[in-house]
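Please find below a short note on the model under review. It proceeds from the overall fold to a single side chain.

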Amino acid sequence: MKTEEIISRAEQVLMHTYGRYKLVLDHGEGMYVYDNDGKKYLDFAAGIGVFALGYGNKELNDAITAQLNKLTHTSNYYYCETSMLAAEKFTKASGMDRVFFTNSGTEAIEGALKLARKYYYNKKGVADSEIIAMNHSFHGRSMGAVTVTGTESYRIPFEPLIGNVKFAEYNDLEGVKALVTEKTAAIIMETVQGEGGIHPANEAFIKGVRALCDEKDILLILDEVQCGMGRSGDMFAYQTYGVMPDIVTSAKGLGSGVPVGAFAAREEVASALVPGDHGSTYGGNPLVCAAVSKVFDLFEEKKILDNVKEVGAYLYKKLDEFAEAHKDIVVEHRGVMMMQGLEFTFDVHGIAAKVLEQGLITIAAGKYVIRFLPPLIAEKKHVDEMIEKLEKAVAAEMAEKGM
Ligand SMILES: *Cc1c(COP(=O)(O)O)cnc(C)c1O
């Protein structure tokens with residue numbers, strides 16, 4: 001079908017909830033994805049940080065296909081070896097004791113919030129808990145998840161929300177302390193803020209929040225839906241900081257293309273949920289767990305974390321050079337390994353469109369930040385190719401703006 005026809009027919013039937021680029025994607029291979037007309041794009045967005053192992057990984061696809069032909073779904077009333085193996089690998093990699101698989105990052109957040117409330121309820125015998133969340137955070141789109149999301153426009157039209165949530169400034173420990181009361185059940189934050197513009201936690205801040213939680217018996221929920229699964233150079237970004245959460249959430253890279261999320265906790269916390277408290281019909285079915293299980297195996301076999309550290313450091317250096325060379329328009333370069341951002345002085349959506357003409361995909365994070373979330377298999381040559389295309393796109397944008 002012709003590209004224009006696909007777009008115009010899609011516009012008739014899909015809800016207008018996304019500002020989509022006029023790009024119809026058809027197939028992918030490794031670091032590259034191809035559009036409906038056969039044009040090749042180097043992908044530094046990876047479907048918003050999803051394709052950890054790149055497009056069309058044969059071993060992953062074979063593992064999914066084998067499970068597809070065997071058994072795709074069981075419901076959670078029964079056991080299945082594939083789901084058990086995925087759970088073992090997740091708990092081992094995260095340092096948590098028990099995991100609950102979900103269908104998305106948002107549902108992982110819902111589960112984490114319910115777990116925190118139930119833990120508090122068991123402890124206090126009353127259901128009046130409060131949660132502290134961060135400004136500029138992003139935790140998803142369900143009622144619970146938007147309640148803890150620090151962007152008012154995502155929340156206000158959907159009120160009344162769940163209530164008893166207060167917002168602190170990220171990286172401001174005193175601000176967090178000031179919000180703590182006897183009723184604080186949990187503090188929720190991203191270890192590295194993603195949608196809010198790529199803001200890594202300061203080490204003193206995250207360690208201070210951990211100490212505060214220990215002192216006041218508050219649960220620390222670290223949302224690693226975006227920054228986890230290898231992006232920081234460790235399996236989870238809190239490991240890079242040497243801090244452990246009480247509850248962790250994951251999704252995006254977890255299935256490297258299949259829809260799956262998870263929340264996990266240490267034993268004492270996890271045991272607050274008992275049969276009847278929480279559930280999901282699909283959550284962690286054998287099909288997605290075959291992917292999760294294989295993703296963890298391939299991370300080890302292919303030494304993905306070593307690659308993230310080596311190529312992520314190279315990407316950091318190259319983006320630093322880019323920022324230095326474009327001081328007049330780049331406000332700041334931030335991030336960790338394979339989750340980085342460039343903040344510009346102007347709205348970056350023009351650049352995000354111009355890079356497509358150059359055969360490069362990136363994504364914005366808010367209005368002023370271009371985000372780089374490549375598949376974790378990226379090599380230095382891909383970084384060089386990306387920088388070259390970015391330079392051309394920025395030059396075109398500047399020419400258009402007459403800057
Ligand atoms: C994307 C994201 C979510 C929501 O995940 P979905 O799979 O889109 O529901 C939650 N938290 C963070 C940090 C995210 O980046």
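The points below concern overall dimensions, packing, surface, charge and one lysine.

1. The coordinates are those of a predicted model, and the remarks that follow should be read accordingly. The secondary structure of the protein consists of 15 helices and 17 strands.

2. On dimensions, the radius of gyration of the protein is 21 Å. A compact globule of 403 residues would have a value near 22 Å, so the two agree. Along the principal axes, the C-alpha atoms occupy a box of roughly 65 × 55 × 45 Å.

3. On packing, 52% of the 403 residues count as buried. If one takes the contacts between residues at least 6 apart in sequence, 72% of them link residues at least 24 apart.

4. On the surface, the protein exposes about 18200 Å². Carbon and sulfur atoms account for 53% of that area.

5. On charge, the protein carries 56 negative side chains and 43 positive ones. The centres of these two sets lie 1 Å apart.

6. Lys354 merits a separate remark. This residue belongs to helix α14, which spans residues 349-357. Is Lys354 buried or exposed? Its relative accessible area is 10%, and because buried means under 20%, Lys354 is classed as buried. When residues up to four places away in sequence are set aside, Lys354 touches Ala393, Ala396, Glu397 and Glu400.

Note on methods: Residues numbered from 1 in each chain as written. Predicted model: local features only at pLDDT ≥ 70, side-chain atom pairs only at ≥ 80, totals over all residues. Heavy atoms only, no water. Helix = DSSP H or I, 4+ residues; strand = E, 2+ residues; numbered from the N terminus. Rg over C-alpha atoms; globule rule 2.2 N^0.38 Å. Buried < 20%, exposed > 50% of the residue type's maximum accessible area, 1.4 Å probe, protein only. Contact = heavy atoms within 4.5 Å. Areas by Shrake-Rupley, 256 points an atom, 1.4 Å probe, with all protein chains shown as cover. Lys, Arg positive; Asp, Glu negative; His and termini not counted. Charge placed at Lys NZ, Arg CZ, Asp CG, Glu CD.
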